[in-house]
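These are my notebook entries on one structure. I record below what I looked up, entry by entry.

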Amino acid sequence: MAANAIETEETDPVDYALIAQQNDAFRKRLPEGGEGMFVQTNAIDNMGPGFVAACLAAVTTYDGFTEDNDPYGTHEMGFMEVMGKTVWFKIDLYDENYQCGTPAPTDLSKTRRVLTFLFPSDY
């Protein structure tokens with residue numbers, strides 16, 4: 001198995017680097033990021049539409065991934081400052097019906113991404 005791969009019961013080894021590329025494309029709303037949705041916790045939503053829009057803008061340019069905060073190299077979680085507040089984002093990979101984890105993380109036809117904005121206190 002390659003150094004940057006995981007194995008699931010349902011699929012062949014999965015390449016972390018490809019997942020990172022797809023997660024980055026999804027954050028930037030590019031087609032090669034596949035389908036999915038952006039959601040936020042009630043606390044983020046309560047900050048108002050301007051704050052939510054600022055979160056959306058910030059996540060598209062986020063590049064703060066390091067070995068310490070992204071040990072698997074999948075670019076699935078980040079920590080940013082938005083309008084003076086610390087905001088986290090997390091990308092989860094679901095099956096095409098959003099019912100459970102995806103059986104094939106790199107197959108865009110079988111994977112839907114959900115990016116959630118939250119405050120650390122929401123965790």
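**Entry 1. Overall dimensions.** I compared the radius of gyration with the globule rule: for 123 residues a compact globule would come near 14 Å, and the protein chain has 15 Å, which agrees. I note here that the model is a predicted one. I then took the extents of the C-alpha trace along its principal axes, which are about 45 × 30 × 25 Å.

**Entry 2. Secondary structure.** I counted three helices and six strands in the protein chain. Read from the N terminus, their order is β-β-α-β-α-α-β-β-β.

**Entry 3. Burial, contacts and surface.** I looked up the share of buried residues, which is 37% of the 123 in the chain. For contacts with a separation of 6 or more, I found that 55% join residues 24 or more positions apart. The exposed area of the protein chain is about 7,000 Å², and carbon and sulfur atoms supply 50% of that area.

**Entry 4. Charges.** I located the mean positions of the 8 positive and the 20 negative charges; these two points lie 7 Å apart.

**Entry 5. Valine 114.** Is valine 114 buried or exposed? Its relative accessibility is 10%, and because buried means under 20%, I entered valine 114 as buried. The residue belongs to strand β6, which covers residues 112-118. I listed its contacts, leaving out neighbours within four places in sequence: Met37, Val39, Lys90, Ile91, Asp92, Tyr94 and Tyr98. I also checked valine 114 against tyrosine 16, which is 98 residues away along the chain; their C-alpha atoms are separated by 18 Å.

**Entry 6. Tyrosine 98.** I followed up Tyr98 from the contact list of valine 114. Tyrosine 98 sits in the loop between β5 (85-94) and β6. Its phi is positive, about 60°, although the residue is not a glycine. With a relative accessible area of 31%, tyrosine 98 is partly exposed.

**Entry 7. Arginine 29.** I recorded a positive phi of about 60° for arginine 29 as well, and this residue is not a glycine. Where does arginine 29 lie? I placed it in the loop between α1 (16-27) and β3 (35-40). Its relative accessible area is 53%, and the cut-off for exposed is over 50%, so arginine 29 counts as exposed.

**Entry 8. Asparagine 69.** I found asparagine 69 in the loop between α3 (49-61) and β4 (77-82). At 25% relative accessibility, the residue is partly exposed. Which residues does asparagine 69 touch, not counting those up to four places away in sequence? I noted Tyr62, Gly64 and Phe79. I then looked up the C-alpha to C-alpha distance from asparagine 69 to glycine 84: it is 21 Å, at a sequence separation of 15 residues.

**Entry 9. Cysteines.** How many disulfides does the structure hold? I found zero. I looked up the accessibility of two cysteines. Cysteine 55 is buried, with a relative accessible area of 0%, whereas cysteine 100 is partly exposed at 42%.

Notes:
Residues are numbered from 1 along each chain as its sequence is written. This is a predicted model: local features need pLDDT of at least 70, side-chain atom pairs count only at pLDDT 80 or more; totals for chains, interfaces and linings use all residues. Side-chain values use heavy atoms; hydrogens and water are left out. Helices (H or I, at least four residues) and strands (E, at least two) are DSSP runs, numbered from the N terminus. The radius of gyration is taken over C-alpha atoms; the globule rule is 2.2 Å times the number of residues to the power 0.38. Buried means under 20% relative accessible area, exposed over 50%, partly exposed in between (1.4 Å probe, protein chains only). Contact means heavy atoms within 4.5 Å. Accessible areas come from the Shrake-Rupley method with a 1.4 Å probe; for residues, only the protein chains shown count as cover. Lys and Arg count as positive and Asp and Glu as negative; His and the chain ends are not counted. The place of a charge is taken as NZ of Lys, CZ of Arg, CG of Asp or CD of Glu. A disulfide is a pair of cysteine sulfur atoms within 2.5 Å.
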